[in-house]
Amino acid sequence: MSYLALIGYDVSALRYARAHAPSSTILLASFSGFAIGNSIGLGAFSAGAVRYRLYTAAGLSPDQIARVVLFLSIAFGVGLGIIAVSLAWSCMPAR
């Protein structure tokens, strides 16, 4: 279920990049990108390479794909930041 929810990130990133791809390509790129990126690490590079291969075949330009990967990396960073602040806040001693 979580990988299905992550498809929303790719849809949002494609919207940000003003790019269009077939739904089947988005599903495959999102699932494969997140699965490989989370398994191997260095998601911007490993998942970015997967997305580059699949989105290039769908007709997206390298510039659009770079925007998609940048959007996904920033979204991940914002999420990590929110979690870090939440954890720091919850670990503060009560006064």
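Helices here are DSSP runs of H or I with at least four residues, strands are E runs of at least two, and both are numbered from the N terminus. Keep that in mind while you click around. Two housekeeping points: the model is predicted, so local features need pLDDT of at least 70 and side-chain atom pairs count only at pLDDT 80 or more, while totals for chains, interfaces and linings use all residues. Residues are numbered from 1 along each chain as its sequence is written, and side-chain values use heavy atoms, with hydrogens and water left out.

**Start with the whole chain**

Show the cartoon. You should see four helices and zero strands, in the order α-α-α-α along the sequence. The C-alpha trace spans about 60 × 25 × 25 Å along its principal axes.

Switch on a surface next. The protein exposes about 6,400 Å², with carbon and sulfur atoms supplying 70% of that (Shrake-Rupley, 1.4 Å probe; for residues, only the protein chains shown count as cover). Of the 95 residues, 31% are buried (buried is under 20% relative accessible area, exposed is over 50%, partly exposed is in between; 1.4 Å probe, protein chains only).

If you like contact maps, here's one number: among contacts with a separation of 6 or more, 59% are between residues 24 or more positions apart (a contact is heavy atoms within 4.5 Å).

**Select 51 and 10**

A search of the whole structure turns up two salt bridges (a Lys or Arg side-chain nitrogen within 4 Å of an Asp or Glu carboxyl oxygen). One of them joins R51 and D10, at 3.0 Å from N to O. This pair ties together distant parts of the chain: R51 is in helix α3 (residues 43-57) and D10 is in helix α1 (residues 2-16), 41 residues apart. Are R51 and D10 buried or exposed? Both are buried.

**Now 63 and 67**

Here D63 forms a salt bridge with R67, with the closest N and O atoms 3.2 Å apart. Why is about one helical turn the separation here? Because D63 and R67 are four residues apart in helix α4 (residues 62-90). D63 is partly exposed at 44% relative accessible area, and R67 is partly exposed too, at 35%.

**Into the core**

Hide the surface and pick L14, I26, Y55, L60 and V68. These have the most contacts inside the largest nonpolar core, which has 16 residues (buried Ala, Val, Leu, Ile, Met, Phe, Trp, Tyr and Cys joined through side-chain atoms within 4.5 Å). Helices α1, α2 (23-40) and α4 each give two or more residues to this core.

Centre on V68. Leaving aside neighbours within four places in sequence, V68 touches A13, L14, A17, R51 and Y55. R51 is the salt-bridge partner of D10 from the earlier stop.

**Rings: 9 and 34**

There are two aromatic pairs in the whole structure (Phe, Tyr or Trp rings, the six-membered one for Trp, with centres within 6.5 Å; planes under 30 degrees apart are stacked, over 60 edge-to-face, the rest tilted). Y9 and F34 have ring centres 6.2 Å apart and planes at 55°, so this pair is tilted. Y9 sits in helix α1 and F34 in helix α2, 25 residues apart. Y9 is partly exposed at 37%, whereas F34 is buried at 17%.

**Last stop: the outside of α4**

Bring the surface back and select L70, I74, V78 and I82. Together they form a nonpolar surface patch with about 370 Å² of accessible area (patch residues have over 30% relative accessible area and no salt bridge; like charges are joined within 9 Å, nonpolar Val, Leu, Ile, Met, Phe, Trp and Tyr side chains within 5 Å). I82, in helix α4, counts as exposed at 53% relative accessibility.
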